[in-house]
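Got your viewer open? Let's take a walk through this model, one selection at a time.

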Amino acid sequence: MGSADRGRKTARSRFEGLADRLERAFVWEVDADTLQITYVSPGIETLLGIPPRHCLSIDFWATCSRSDDVAVLKCMLDAVRVERSMRSCQHRCVAGDGREVWLHTIVWPAAADGGAAKLEGVSR
């Protein structure tokens with residue numbers, strides 16, 4: 001493993017370590033083309049009662065968002081992907097126990113490191 005790879009791995013480890021300690025927010029990363037979640041911090045379980053590993057196997061935005069908010073969220077994610085600029089919105093998610101939770105979500109394009117383009121965000 002080269003020093004650049006070790007540096008990226010160390011930076012990723014620090015990022016996940018910080019994200020894992022958030023209490024009233026969760027950090028996430030999605031594939032910019034498919035919008036499939038590739039990483040989500042444990043804070044999602046505290047806020048929404050949804051285990052992080054579950055989010056990796058579902059269309060999170062369509063499954064967990066209120067149906068009338070899905071189009072707004074996907075439009076925002078598409079705008080970030082195309083325009084390569086930060087965006088934010090407020091939307092409702094349905095928690096694991098059925099509660100409706102308002103979230104403020106901020107999304108930005110992630111720096112490409114040779115892999116698939118990613119979007120990163122924080123929801124609180």
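Start by selecting Phe26, Trp28, Phe60 and Trp61, which form one aromatic cluster. Keep in mind as you look around that this is a predicted model.

**Stop 1: the aromatic rings**

The structure holds three aromatic pairs. For one of them, keep just phenylalanine 26 and phenylalanine 60 on screen: the ring centres sit 6.5 Å apart and the planes meet at 80°, so this pair is edge-to-face. Now colour the chain by secondary structure. Phenylalanine 26 belongs to strand S1 (residues 26-31) and phenylalanine 60 to helix H4, so the pair ties together parts that are 34 residues apart in sequence.

Next, add tryptophan 61. With phenylalanine 60 it makes another edge-to-face aromatic pair, at 5.1 Å centre to centre and 80° between the planes. Switch on the surface and ask yourself: are phenylalanine 60 and tryptophan 61 buried or exposed? Both are buried, and phenylalanine 26 is buried too.

**Stop 2: serine 65**

Go along the chain to serine 65, in the loop between H4 and H5. Serine 65 is buried, because its relative accessible area is 5% and the cut-off for buried is under 20%. What does the side chain of serine 65 reach? Draw a distance to the backbone oxygen of tryptophan 61, and you should get 2.9 Å.

Now show the neighbours of serine 65. Leaving out residues up to four places away in sequence, serine 65 touches Phe60, Val70, Leu73, Arg92 and Cys93. You've already met Phe60 in the aromatic cluster, and Arg92 will come back at the next stop.

**Stop 3: arginine 66 and its partners**

Time for charges: how many salt bridges does the structure hold? There are eight. Select arginine 66 and glutamate 100 to see one of them, with the closest N and O atoms 2.3 Å apart. Glutamate 100 lies in strand S4 (residues 100-109), while arginine 66 is in the loop between H4 and H5, so this salt bridge ties together parts that are 34 residues apart in sequence.

Arginine 66 also forms a salt bridge with aspartate 68, and here the closest N and O atoms are 3.5 Å apart. Put the surface back on for a moment. Arginine 66 counts as partly exposed at 26% relative accessibility. Aspartate 68 is partly exposed as well, with a relative accessible area of 42%, and glutamate 100 gets the same label at 41%.

Now widen the selection to Arg66, Asp68, Asp69, Arg92 and Glu100. Salt bridges that share partners join these residues into one network.

**Stop 4: aspartate 59 and lysine 74**

For the last stop, select aspartate 59 and lysine 74. These two form a salt bridge whose closest N and O atoms are 3.4 Å apart. Why does this pair tie together parts that are 15 residues apart in sequence? Because aspartate 59 lies in the loop between helix H3 (52-55) and helix H4 (60-64), while lysine 74 lies in helix H5 (residues 67-83).

One more look at the surface: aspartate 59 is partly exposed, with a relative accessible area of 35%. Lysine 74 counts as partly exposed too, at 26% relative accessibility.

Methods
Residues numbered from 1 in each chain as written. Predicted model: local features only at pLDDT ≥ 70, side-chain atom pairs only at ≥ 80, totals over all residues. Heavy atoms only, no water. Salt bridge = Lys/Arg side-chain N within 4 Å of Asp/Glu carboxyl O. Helix = DSSP H or I, 4+ residues; strand = E, 2+ residues; numbered from the N terminus. Buried < 20%, exposed > 50% of the residue type's maximum accessible area, 1.4 Å probe, protein only. Phe/Tyr/Trp six-rings, centres within 6.5 Å; stacked < 30°, edge-to-face > 60°. Polar contact = N/O pair within 3.5 Å; in protein donor to acceptor, adjacent residues only side chain to side chain. Contact = heavy atoms within 4.5 Å.
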